[in-house]
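Biologist: Please take a close look at a single part of this model and explain how it is packed against its surroundings. I am new to the structure, so each term should be explained where it is used.

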Amino acid sequence: DAPIYKVSLDEAMAVSDEKDADLVALDEALNELAKFDERKARVVELKFFGGLDTKQIAEVLGVAEITVLREWKKAKAWLFVELNNND
């Protein structure tokens with residue numbers, strides 16, 4: 001198996017001189033989400049960029065796994081709308 005490297009979104013974006021438009025849009029949307037719901041944004045970062053599973057995220061955030069699942073579902077829906085409204 002290939003090693004898994006975990007980096008923050010800022011680190012991932014700094015790797016390339018040419019920032020991918022989708023990654024920039026996702027970063028901006030996550031920043032907007034964090035303004036009114038930090039936990040949802042954190043769940044997305046830990047799952048999508050950190051590669052953590054539901055149990056690990058629950059441990060990091062100190063919440064129940066069902067809470068992580070609920071926050072992930074709502075965050076995905078919010079991000080979908082946000083990213084598709086900016087086209």
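Modeller: An axis is a line fitted to C-alpha atoms, for a helix over the stretch in contact, and angles between N-to-C directions run from 0 to 180 degrees. Helices are DSSP runs of H or I with at least four residues, strands are runs of E with at least two, and both are numbered from the N terminus. The model is predicted, with local features needing pLDDT of at least 70 and side-chain atom pairs pLDDT 80 or more, while totals for chains, interfaces and linings use all residues. Residues are numbered from 1 along each chain as its sequence is written, and side-chain values use heavy atoms, leaving out hydrogens and water.

The chain as a whole has five helices and zero strands, giving the pattern α-α-α-α-α along the sequence. Of its 87 residues, 30% are buried (under 20% relative accessible area with a 1.4 Å probe and protein chains only; over 50% is exposed, and in between is partly exposed). Contact means heavy atoms within 4.5 Å. Among the chain's contacts between residues at least 6 apart in sequence, 46% join residues at least 24 apart.

The part chosen here is helix H4, residues 54–61. On one side in sequence stands helix H3, residues 38–49. Their axes lie 10 Å apart, and the two helices pack at an angle of about 135 degrees. H3 and H4 are therefore oblique to each other, since angles under 35 degrees count as roughly parallel, over 145 as roughly antiparallel, 65 to 115 as roughly perpendicular and the rest as oblique. H3 contributes Arg39, Arg42, Val43, Leu46 and Lys47 to this contact, and H4 contributes Thr54, Ile57, Val60 and Leu61. Gly51, which follows H3, has a positive phi near 75 degrees. Buried residues in H3 include Val43 and Leu46.

The next partner is helix H5, residues 65–85. The axes of H4 and H5 come within 8 Å and cross at roughly 105 degrees, which makes H4 roughly perpendicular to H5. Here Thr54, Lys55, Ile57 and Ala58 of H4 meet Glu65, Val68 and Leu69 of H5.

Two residues of H4 deserve a closer view. Thr54 belongs to H4 and counts as buried because its relative accessibility is 17%. Apart from neighbours within four places in sequence, Thr54 is in contact with Lys47, Glu65, Val68 and Leu69. Ala58 is also placed in H4, and at 5% relative accessibility Ala58 counts as buried. Not counting residues up to four places away in sequence, Ala58 touches Val63, Ala64, Glu65 and Val68. Although Ala58 and Val68 are ten residues apart along the chain, their C-alpha atoms are separated by 6.1 Å.

The two partners of H4 also pack against each other. The axes of H3 and H5 come within 9 Å and cross at roughly 95 degrees, making H3 roughly perpendicular to H5. From H3, the residues involved are Arg39, Lys40, Val43, Val44 and Lys47; from H5, they are Thr67, Val68, Glu71, Trp72, Lys74, Ala75 and Leu79. Lys40 and Val44 are among the buried residues of H3. Val68 of H5 thus appears in the contact with H3 as well as in that with H4.
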